[in-house]
Amino acid sequence: MELFHTFSIAFMAFFAIMNPSATLPVYLSLTSSESPATSKTIALRACLIAFLIVAIFSLSGKMLFELFGISISALRIAGGVLIFMIGYQMVQGSAATAQHPSNSDQHAAQQEEGTNVAISPLATPMMAGPGTIATAMNLSAHNDIAHSLVTIAAFALLCFITYLIYLGGKPLVRFLGQNIMTVITRLMGLILAVIGVQMLVTGIHSAFPAITSVVH
C-alpha cells in the first residue's frame with residue numbers, strides 16, 4: 001500500500017512538472033521542418049534520455065547524499081521550495097523558467113542538426129529539469145531499493161504517455177485549443193504547488209522535530 005501511494009505521488013508530481021500538454025507546442029515547433037519519421041525519432045530519443053537521467057538520479061541519490069554530506073531533510077526543503085516556485089509560475093500562466101527553455105534557447109535548438117534537439121531542450125530541461133530531478137531524488141530518499149524502483153516506474157509510465165502525446169500532437173492541439181491547454185497548465189501548477197508545500201512541511205518536520213512537536 002505504501003509503495004502504491006509512492007507511485008501515485010511520484011506520477012502526479014512528475015506529470016505536473018513535465019505537463020506534456022504544455023510542452024507539446026515546443027516539441028511541434030522544434031520538429032516542424034522534420035519528416036514524420038524524424039519527428040518520431042526525436043520524441044522517442046527525448047523520452048529515453050529523460051528516463052535515463054531520472055533513473056540515474058533516483059538510484060544514486062543516497063550515494064550523492066553521502067558524498068556531499070546532504071541530509072534528506074535538506075533535500076526535501078530545497079526540493080519543496082523549487083517545486084512550489086515552478087507550480088506558482090504555472091498557476092500564474094507562465095512557463096517555469098527552471099523547467100522550460102527560453103525563446104532564445106528554442107531558437108538556438110532549431111538551428112541544430114536533426115535529433116540533437118532531443119537532448120536539449122526536450123530531454124533537459126523540459127522533461128528532466130531541476131524540478132523533476134529534485135522530485136525523483138526526494139521520493140527515492142529511502143533505505144530500500146523498492147521506493148527508487150517505484151519512482152522510476154512512475155516516470156517510465158509518464159515518458160510513455162508523453163511519447164504518445166507527442167506522436168498525436170497536431171490533432172490534439174487543434175482539438176483542445178489554446179484556452180483548454182492554458183487551463184490544464186494552471187491546474188497542474190496548483191497540484192505541483194501543493195506537492196511542493198507538502199515536501200517543505202515534511203522536510204521542516206524531520207529537520208526540526210522538537211520545534212514541530214511543540215507546535216502540535
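Visitor: Leaving aside its neighbours within four places in sequence, which residues is phenylalanine 14 in contact with?

Guide: Phenylalanine 14 is in contact with Asn19, Val54, Thr132, Thr135, Ala136, Thr151, Phe155 and Leu158, where contact means heavy atoms within 4.5 Å. The model is predicted, with local features needing pLDDT of at least 70 and side-chain atom pairs pLDDT 80 or more, while totals for chains, interfaces and linings use all residues. Residues are numbered from 1 along each chain as its sequence is written, and side-chain values use heavy atoms, leaving out hydrogens and water.

Visitor: What makes the pair of tyrosine 27 and tyrosine 166 stacked?

Guide: Rings of Phe, Tyr and Trp (its six-membered ring) pair if their centres lie within 6.5 Å, and planes under 30 degrees apart count as stacked, over 60 as edge-to-face and the rest as tilted. The centres of these two tyrosine rings are 4.4 Å apart and their planes stand at 5 degrees, so the pair is stacked.

Visitor: Why is the pair of phenylalanine 84 and tyrosine 88 called stacked?

Guide: The ring centres of phenylalanine 84 and tyrosine 88 are 6.3 Å apart, within the 6.5 Å limit, and their planes are at 25 degrees, under the 30 degrees required, so this pair is stacked.

Visitor: How do you know whether phenylalanine 84 and tyrosine 88 are buried or exposed?

Guide: Buried means under 20% relative accessible area and exposed over 50%, with partly exposed in between (1.4 Å probe, protein chains only). Phenylalanine 84 has 35% and tyrosine 88 has 45%, so each counts as partly exposed.
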